[in-house]
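Work through the exercises below with the structure open. Each task is followed by a solution in steps.

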Amino acid sequence: MAHAGSFLGRPYRLSGTVIPGDKRGRTLGFATANLQPEQELIPALGVYAVLAGVTGQAKVPAVANLGVRPTFDRKGVVLEVHLLDSSPDLYGAQLEVDFVDHLRPEKRFESRQALQSQIALDIQAARRTLDLETPGPKKLGASPSTPSA
Ligand SMILES: Cc1cc2nc3c(=O)[nH]c(=O)nc-3n(C[C@H](O)[C@H](O)[C@H](O)COP(=O)(O)O)c2cc1C
C-alpha cells in the first residue's frame, strides 16, 4: 500500500457519508464511524493505518477496517474508522480516508474477546506506522545542502 501510494504520488483515498452502525463498536470498547465507500474500486479488504477527516478539514490518525466483518456475518463492504486520539460525533458527516499502510487481512474470530484483543494490537500498530510516516517535507529525503563559499 505504501508502495501503491508512492506510485500514485498520493495515498489511496476513499470517501463516504457516515451511516449508523450496529453500535457494537462501543460495547467492544472502541467507537467507529461507518462509511459506505462511494468509490467502486476499493483496495484489498483488511485493516489499515489511515488518516481521516471531514472533507475539507485536517485529517487525524486513525485505524480502519475495510470489510464485511466475518465474525458477525455481516453482508456488504463497509469502511469502519476508529480515530486514535479523539471521538467526535461524525454522524452524517462526509469523511475522507487516506490509506497509509495495510496492517493485516480481515478475518473471522472465534470470540468477541479475540477480536477485541486483536483490535487493541491493530491500534498499537497503526500508531507506530503513523508516527513513523509523518507526511510532509521530512519524507522528501536529505535537506538541501548548504552552498559552500
Ligand atoms: C481496527 C479494526 C479491525 C477490525 N477487524 C475485524 C476483523 O478482522 N474481523 C471482523 O469480523 N471484524 C473486524 N472489525 C469490525 C468489528 O467487528 C466492528 O467494528 C464491530 O462489529 C462494530 O460494528 P458496528 O459499529 O457496526 O456495531 C474491525 C474493526 C476495527 C475498527
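The model is predicted.

**Exercise 1.** Find the partner of A52 in β4, then describe how β3 and β4 are joined.

Solution.
- Step 1: A52 stands opposite V60 in β4.
- Step 2: Extend this to the whole strands. β3 and β4 (residues 60-67) are antiparallel and share seven bridges.
- Step 3: Look at the connection. Five residues lie between β3 and β4, which form a hairpin, and G56 in its turn has a positive phi of about 90°.

**Exercise 2.** Which residues of β6 pair with V50 and with L51?

Solution.
- Step 1: V50 faces F99 in β6.
- Step 2: L51 has D98 as its bridge partner.
- Step 3: β3 (residues 46-54) and β6 (residues 94-104) are paired in the antiparallel sense, with eight bridges.

**Exercise 3.** Place these pairings in the order of the barrel strands.

Solution.
- Step 1: The six strands form a closed barrel in the order β1-β2-β5-β4-β3-β6, with antiparallel pairing.
- Step 2: From one strand to the next, the twist averages 45°.

**Exercise 4.** Which residues have the most contacts inside the largest nonpolar core, and which element gives the most to it?

Solution.
- Step 1: The core has 24 residues, and V50, A64, V81 and V97 have the most contacts inside it.
- Step 2: At least two core residues come from each of β2 (33-35), β3, β4, β5 (78-83), β6 and α3 (112-132).
- Step 3: β3 gives the most, with six residues.
- Step 4: Follow V97 outward. Leaving aside residues up to four places away in sequence, V97 touches R13, L14, S15, V50, A52, A64, L79 and V81.

Methods: Residues numbered from 1 in each chain as written. Predicted model: local features only at pLDDT ≥ 70, side-chain atom pairs only at ≥ 80, totals over all residues. Pairing = 2+ DSSP bridges. Helix = DSSP H or I, 4+ residues; strand = E, 2+ residues; numbered from the N terminus. Axes fitted to C-alpha atoms, helices over the stretch in contact; angles between N-to-C directions. Core = buried A, V, L, I, M, F, W, Y, C linked by C-beta atoms within 7 Å. Buried ≥ 20, exposed ≤ 12 C-beta atoms within 10 Å, placed from the backbone. Contact = placed C-beta atoms within 7 Å.
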